[in-house]
Amino acid sequence: VQDFRISGNLVFDEFLTAPSLAMSSGTTSLTLATGALFSSDPVFSSGSLSLGGTMTLAGAAPGVEFAGPLTLLTPTVIDGSAINAAITFDRAIDGTGLGAQALTLLTGTGTVTFTGDVGAAVPLSTLTVDSGAVAFGAAIRTTGDQTYTGGASVFAPTVLAALGHVTLGGAGAFDSDASLD
C-alpha cells in the first residue's frame with residue numbers, strides 16, 4: 001500500500017502501522033485508539049482526530065501538522081525524535097476527562113508549535129515537550145506540570161496555566177504577551 005486516504009468517520013481500535021495516512025477534505029473524524037506507526041509523514045489536514053497510545057513518526061522530516069482539533073483518549077505520546085520532526089497544532093487539544101490524559105511530544109531537534117489552545121475545554125493532566133524549540137501562540141492549561149526543553153518563543157498572546165509547575169528550559173524570545181498562571 002503506497003497511500004492510505006480516508007473520508008467520512010474511521011475508527012482504528014488496534015495499533016495502526018501504515019506507510020502514510022491522509023485525511024481528505026471529506027473526513028469528519030479519525031480515531032487511533034491505541035497509537036500508530038507511520039513510515040511517511042501523515043497528513044491531518046481536516047476533520048477531528050482522537051488519539052491514544054503512541055504515534056511514531058519514522059518518515060523523512062518535516063513532521064506532522066494537526067489542522068483539526070485533537071482529543072486525547074489516554075495518555076498519549078507523539079514521537080518524531082528519530083527524524084527531528086516538527087509537530088504543529090493549529091487547533092485545540094483536549095482530554096476526555098478532567099486531568100486524565102497526559103501528552104508527551106518528542107521531536108529531537110525539531111520544533112513544536114501551538115497555535116490552538118490546549119486544555120481549554122478539558123485540561124490535560126501534564127504536558128511534556130522535549131524538543132529543540134517550542135513556539136507558543138495559545139493558552140495551555142493542565143492540572144499538573146508543564147515541562148518544555150529547548151528554546152521557547154511566543155508569537156501571539158499566550159497563557160501557560162498549570163496547577164503544578166511550569167518549567168521552561170532554554171533561551172526565550174517573546175514577540176507577544178505571555179503570562180504564567
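**Exercise 1.** Decide whether serine 131 counts as buried or exposed, and describe its surroundings.

*Solution.* Serine 131 has a relative accessibility of 5% and therefore counts as buried, where buried means under 20% relative accessible area, exposed over 50% and partly exposed in between, with a 1.4 Å probe and protein chains only. The model is a predicted one, in which local features need pLDDT of at least 70 and side-chain atom pairs count only at pLDDT 80 or more, while totals for chains, interfaces and linings use all residues. Residues are numbered from 1 along each chain as its sequence is written, and side-chain values use heavy atoms, with hydrogens and water left out.

Next, locate the residue: serine 131 lies in the loop between strand E13 (127-130) and strand E14 (133-136), strands being DSSP runs of E with at least two residues, numbered from the N terminus. A polar atom of the serine 131 side chain lies 2.8 Å from the backbone oxygen of alanine 133. Finally, leaving aside neighbours within four places in sequence, serine 131 is in contact (heavy atoms within 4.5 Å) with Thr107, Gly108, Gly110, Val112, Thr149 and Gly150.

**Exercise 2.** Determine where leucine 103 is placed and which residues are in contact with leucine 103.

*Solution.* Leucine 103 belongs to strand E11 (residues 103-106), and its relative accessible area of 0% makes this residue buried. Leaving aside neighbours within four places in sequence, its contacts are Leu72, Thr76, Ile93, Leu124, Thr126, Leu127 and Thr128. The C-alpha atom of leucine 103 is separated by 9.6 Å from that of glycine 52, which is 51 residues apart along the chain.

**Exercise 3.** Identify the residues that touch the most other members of the largest nonpolar core.

*Solution.* A nonpolar core is a set of buried Ala, Val, Leu, Ile, Met, Phe, Trp, Tyr and Cys residues joined through side-chain atoms within 4.5 Å. The largest has 30 residues, of which Phe89, Ile93, Leu105, Phe114, Phe136 and Tyr148 touch the most other members. Strand E6 (residues 48-57) supplies the largest share of this core, four residues.

**Exercise 4.** Work out how strand E9 pairs with strands E7 and E12.

*Solution.* Two strands pair if DSSP finds at least two bridges between them. Strand E7 (residues 63-66) and strand E9 (residues 86-89) run parallel and are joined by four bridges, with valine 64 opposite isoleucine 87. E9 also pairs with strand E12 (residues 111-114) in the parallel sense, over three bridges, and here threonine 88 stands opposite threonine 113.

Key: Polar contact = N/O pair within 3.5 Å; in protein donor to acceptor, adjacent residues only side chain to side chain.
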